[in-house]
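This briefing covers a few local features of one protein model. Please look through the sequence and structure before reading the points.

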Amino acid sequence: MEEAETSTSTYYAILNVPRDASQDDIRRAYHALASVAHPDKNADDVTTASANFLRVQEAYAVLSDPDRRTVYDVYGEEGLRAGLELSTDVRDVRSAWERFQAKQAAEALEAQVSHSGSYTLQVDASNLVAPYDNSSASAPELRSMAMSSEVQVPLTEKMGAFVGGNIGVHSGMGGGSFVAGIRRIVSPNDEIHAQMAVGLRNLVHVAATRKLSEHASASLGATWVVGAGPSMQFTTQRRLGARTDATFTWTLGPAGKGGVALAVSYRLERFVFNAKLELGAPTAIGARVAYLASPRVTLRAGARVWAVAALTSAETAVMALRGQFEIGASQRVLADSTAGFYTSIGAEGVTVQPSLKRGSHVFQFPVLLAPYESSSWQIMLGASVLPPIAVLMLKYCIVRPLRRRYKLRKVLERRAAVAQAVAEGRAAAAAAERLLAPVAARKLRQEVEQGGLVVVDARYGVLDAILVAEAAEVAALAAERAHGGASPAPSSAAGGPGDAGEPVEGYPEASPRYAGGAGDREGKRGHRDGEESDDDDEEDAAAVAAAAADAAAAAPPPPPPWIDVTLATRFLVSRGRIVLHQGMARSGLLGFCDPAPGEAKALRVRYLWRRMPYAATVADEDGGSLPARGRVVEEAGALAALAAAAAAQGLPAPGGDAPAGWAENALYTPRPSADH
């Protein structure tokens, strides 16, 4: 149901009183409804009467108590559930509410605990792909495994702690460390960070970060490693332009550990370029480029060259260059999940690496196909070409069909849930109308006798669909007259001329948008639930919409997105007027329901006032009163349709007197048990 139904207007809607109603108004409204819905007066339908009587009692219990009403007006039903109605002092109410909010804030702080991790499992398949000889081929072997994990816990709004650890195993040997630290925001521009690690590598690290300007920041840190000594790191980040960022890092440490590094990032609409130069330990240069092929797919390529010390045959140390080239792609498969596949060729050999990132967790599975000395162009070509082919086959043969099936299931589940909620609401409204029928009939009789406000029909729901239904009645009546009464009776469903998109005289605003029913409305939502779409999304959406349409065609036709509330609207008449209160969703009134959750709705009423024909449209939660909000119906087709609707119910014709024998019509004859 709509959010409006859970707002502070619900209880007021049940009693049909304004938010500023006096206690006398609330008491009178309660007694009027209680006498109608009381189980003792509805012996033939005690269950329905009891349910509606409880709703009326609950609304009256809150609104008749000044303290609980104050809480309800300010904080809604949530405030009542929090127990704030127990206070008799407004200051105590506010204090209790603040405690309740503080408790909620603490629970929200606990919910901010985040967990991140990285998991790598390296497999050596070189003996299978490039064996030394045919007899040495063997199954792939686990070469190494590494895992790191961290949990971040907010302590206060300005301080947080983190604990974690890492472990690594390579060729049967390994170790790990436990890491813990804190972060604190000292000022809007300053933050400090401290951590320690115990295990295979014991260290203490402290750093301070300061925001120098809107586009620049700097960080200074100090680290002491047991057995290696102290070191210092200075890092500064600066935005060089609208699309360019740069990071400079200077490390002072033990011999062979210091150096400087400069990283530059440049962004275009679909491209991102990254380059990094390192001097010292290590000395290297690298570049990477990423291309956003679609909102889901990113293509990546990178290369890195570095210098290493090597010994010549004369055992003389020289510098040698090594390189690595990587190419691959990643695709977002779910809202928080990205799958990737990369091929790396270089000094470490030929490696393929599937990966999966879900939230803040990264899973990598590098597979060594051949070491550098055993690499061949066939292996390199196969590692570069075969994985993309396999990925495409996996995508189009397995992933996409499964994704479409999943989306279709969600669409059908959502549609079924909405349909069930709407069906239950319609059933409850129909049951409530049965309770209101005797009083509504008596009020109608009085209005007909006095020539007052005579409600011919009333519909509540999506206005476009209501206007299409009225236009269909006009068209059907015109066709009946043109064929001498041979055409079928007017349809009350949302169809008719809107199906062909033909305007009907008197209803130029009748939109064909709802001519197709609920199935079309589901399809027109597009990608509202998603943040972005691409060609795959559009193809999937089209396929899912087609499958959903087939499923809808096989199912019974859905009801129109409006409900007939004629009887419930007649019940609202009092002394020739209907008062519709501001800020109150009509779906909360007895005999009403929400026929189209999530969509804008309105109340459309056709009525007679002093025998003159009127039509009024009041948007949901708008205030107003009838007959003042109505407009005289002058167009011939609309007037004829209103007159036909009145005649079908034995009501007076527009501009005329009541038909003979109207008083004996069962429509106006209340049951004796409800005559009060």
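A polar contact here is a pair of N or O atoms within 3.5 Å, where within protein one must be able to donate a hydrogen and the other to accept it. The model is predicted. The points below take up a buried aspartate, an open sheet of 5 strands and two helices, α2 and α8.

**Asp594 and its contacts**
- Asp594 sits in the loop that runs between β21 (578–580) and β22 (602–609).
- Its relative accessibility is 1%, so Asp594 counts as buried, the cut-off being under 20%.
- The side chain of Asp594 is in polar contact with the side chain of Lys601, at 3.2 Å.
- A polar atom of the Asp594 side chain also lies 3.1 Å from the backbone nitrogen of Ala596.

**The open sheet**
- The strand order is β20-β19-β22-β23-β25, and the pairing is antiparallel.
- At the edges stand β20 (562–564) and β25 (631–632); each has a single partner strand, so one side of each has no neighbour in the sheet.
- Strand β19 (residues 453–461) is joined to β20 by 3 bridges, and the two run antiparallel.
- Tyr460 stands opposite Ile563 in β20.
- Helix α8 (residues 463–482) packs on the sheet and touches β19, β20, β22 and β23 (612–619).
- The direction of α8 makes about 40° with that of β22.

**Helix α2**
- Helix α2 covers residues 23–37, 15 residues in total.
- From first C-alpha to last, α2 reaches 21 Å, close to the 21 Å expected at 1.5 Å a residue.
- Buried residues in α2 include Ile26, Tyr30, Leu33 and Val36.

How values were computed. Residues are numbered from 1 along each chain as its sequence is written. This is a predicted model: local features need pLDDT of at least 70, side-chain atom pairs count only at pLDDT 80 or more; totals for chains, interfaces and linings use all residues. Side-chain values use heavy atoms; hydrogens and water are left out. Helices (H or I, at least four residues) and strands (E, at least two) are DSSP runs, numbered from the N terminus. Buried means under 20% relative accessible area, exposed over 50%, partly exposed in between (1.4 Å probe, protein chains only). The expected span of a helix is 1.5 Å times one less than its number of residues. Two strands pair if DSSP finds at least two bridges between them. Contact means heavy atoms within 4.5 Å. Axes are lines fitted to C-alpha atoms, for helices over the stretch in contact, and angles run from 0 to 180 degrees between N-to-C directions.
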